[in-house]
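Work through the following exercises with the sequence and the model beside you, and try each task before you read its solution.

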Amino acid sequence: MTGIAVPTTPAAPNPFGRFDSPAGPVPADAPHWNRQRRSQMPSHRYRAVTERVELPLVDRAWPARQLTAAPLWVPVDLRDGNQALAEPMDPERKRRFFELMVAMGYTEIEVGYPSASQTDYDFVRLIAETELAPEHVTIVVFTPARRELIERTVESIRGIRNPVVIHLYTATAPIWREFVLGRDRAQLLELILGGGRDVLELAGALPNVRFEFSPEVFNLTEPDYALEVCDAMTRLWDASPERPVILNLPATVEIATPNVYADQIEYMHRNLARRDGVILSVHPHNDRGTGVACAELAVLAGAQRVEGCLFGNGERTGNVDLVTLALNLHAQGVDPMIDFSELDEIRRTVEYCNRIEVHPRHPYAGDLVHTAFSGTHQDAIRKGFAEHRARAEAEGRPEREIPWRVPYLPVDPADLGRSYDAVIRVNSQSGKGGATYVLEREFGLELPRRLQIDFARHVQRLADESGDELDATRLWALFEEVYLGGADAPMAVELGGYEIGEADGRTQTRIVLDRDGERTERVSDGDGPVEALVAALAELGIEVEVLGLHQTSLGHGQDSDALTLLEFRHPAGVRWAAGRGASVLGASLGAVLVAANAVAAASDG
């Protein structure tokens, strides 16, 4: 394809000299606003999904459906997740992880690959010989279609009183048939049926055992062949509503957009024989980063069961994340059927067992996912919290019970066992809302809007200069420095004392001021204390024009200090000062003194 000629200018020096920056033509059909050039990436080596597997559906129904209930969640961390770890879990970690999943409410758990390792075999035996697994929890064990390995697997489950699922798998996609297994379609089907017959022979008479089959790499398998194999297995195992067979259809390696996987699942859902005796399951991986979307669309397409790992551990880029999937439902008003009310404890336990940290931006669970640094986001969140509190009070209901609609927070952090302490944090990207929220949360300090704007300038300056995040302690120190005078601020005039009395039915206020080592006293007749102080300062040549007084408190409860916020006219424009005291009057007089010293300093300068 011919390209559009684009005028060139000398390129700036490239600090990434090893990069082969795109230098091909701009595609001829590109709009004028898109100047991307053809790159040197060898994309021609790969085929589109439509060239690799037949896409079975054109009259799909899943796009019109909605998620209204949770599927059966089946965590495979102890098998699929464990085999992907650089250091597989030791027995203590496996037990800890299993106990966590039981406590969270999972009722079907794949516990291991007992024919592959002694550790897995011993863990299954631990379940058989102890009360580790509550009676309602179904135990799943994994095996390939080889008789000696099936025998070892069946041996491991003997004595388990819980329901048990024996999970048989074989890869069915053309590349795997040709390169790995060396069998054509008919030969592979016979191998799979042979494994199925072995499972039936060795465990079919056990009343608490059911069967599961996975055509591994289902998403790259011809749809008609996948259907043929699955129907053969449900016929062999006599799938029925009373003893259903699980057909698990993995996206073992993601190769397409999630809608393609949904089409494949719906095709199977519509065409499977013995559908009422089949539990249709999916097992998406995350090679393209769309495992969650694949699982959600697959459920819309007819899947009833989802296998995955907590926080998405697994081979390569991992299995689908069961935490994100479930909390996505929670955020849509659908019960996830799992308890996430102590999400940080869940995360810490999984990190311990896997020896892998959860990313700070991981959905729902990361340290920063409920945190806003951006000023516009902070302002919206602060206003959303205020509306939420006011609405709860107006309705006479607890805040945890009313509908959640705080901007930028898809779920209430409190639902997940988190506080609001880290929701708003302040750095150079923050505006007035962030600092205001932190001061209110930590110190109970409510700032009027104009003071919020003024303080934001100082916060921005400090954040730019330091390059650091500003926590509540540093924000309060900055507030003290700017508005309360600060420890190093020059004091041209100080309040030596005041006394309020009454004479002839009128208020009298005596003000004592110290300036340059000299003490002056003035008695004001009929004025309030603030007006009397302003008048006394004026007699010393310090003119303080008070534009507004705002009263708030510092801290929470009866022991909190009063804080007066004073807006005044300064030689350089309108400014703010603050005063702190045990009483409102003491705080107000203190604010006037701070303003007076600022005016005096400006006049002296």
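Helices (H or I, at least four residues) and strands (E, at least two) are DSSP runs, numbered from the N terminus. This is a predicted model, in which local features need pLDDT of at least 70 and side-chain atom pairs count only at pLDDT 80 or more, while totals for chains, interfaces and linings use all residues. Residues are numbered from 1 along each chain as its sequence is written, and side-chain values use heavy atoms, with hydrogens and water left out.

**Exercise 1.** Describe the span that the UniProt record annotates as a domain.

Solution. The unreviewed UniProt entry gives "domain: Pyruvate carboxyltransferase" for residues 71-344; UniProt positions are in the numbering used here, feature names are shortened, and annotations may be inferred rather than shown by experiment. Residues 71-344 are 44% helix and 18% strand, and the C-alpha atoms at the two ends of this span lie 24 Å apart.

**Exercise 2.** Find out why the residues of the annotated binding site gather at one spot.

Solution. According to the unreviewed UniProt entry, the "binding site" covers Asp 80, His 283, His 285 and Asn 319. These residues span 240 residues in sequence, but no two of their C-alpha atoms are more than 10.8 Å apart, so they gather at one spot.

**Exercise 3.** Characterise Asp 80 and Asn 319 by their place in the chain, their exposure and their contacts.

Solution. Start with Asp 80, which belongs to helix H2 (residues 77-83) and is buried, with a relative accessible area of 4%; buried means under 20% relative accessible area, exposed over 50%, and partly exposed in between (1.4 Å probe, protein chains only). Leaving aside neighbours within four places in sequence, Asp 80 is in contact (heavy atoms within 4.5 Å) with His 283, His 285, Gly 314, Glu 315 and Asn 319.

Next, Asn 319 sits in the loop between strand E10 (305-308) and helix H11 (322-330), and Asn 319 is buried too, at a relative accessible area of 2%. When residues up to four places away in sequence are not counted, Asn 319 touches several residues, among them Asp 80, His 283 and His 285.

**Exercise 4.** Examine Tyr 261 in the same manner.

Solution. Tyr 261 is part of helix H9 (residues 258-271) and is buried, its relative accessible area being 3%. Although Tyr 261 and Ala 298 are 37 residues apart along the chain, their C-alpha atoms are separated by 6.9 Å. The residues touched by Tyr 261, not counting those up to four places away in sequence, include Ala 298 and His 283, and His 283 also belongs to the annotated binding site.
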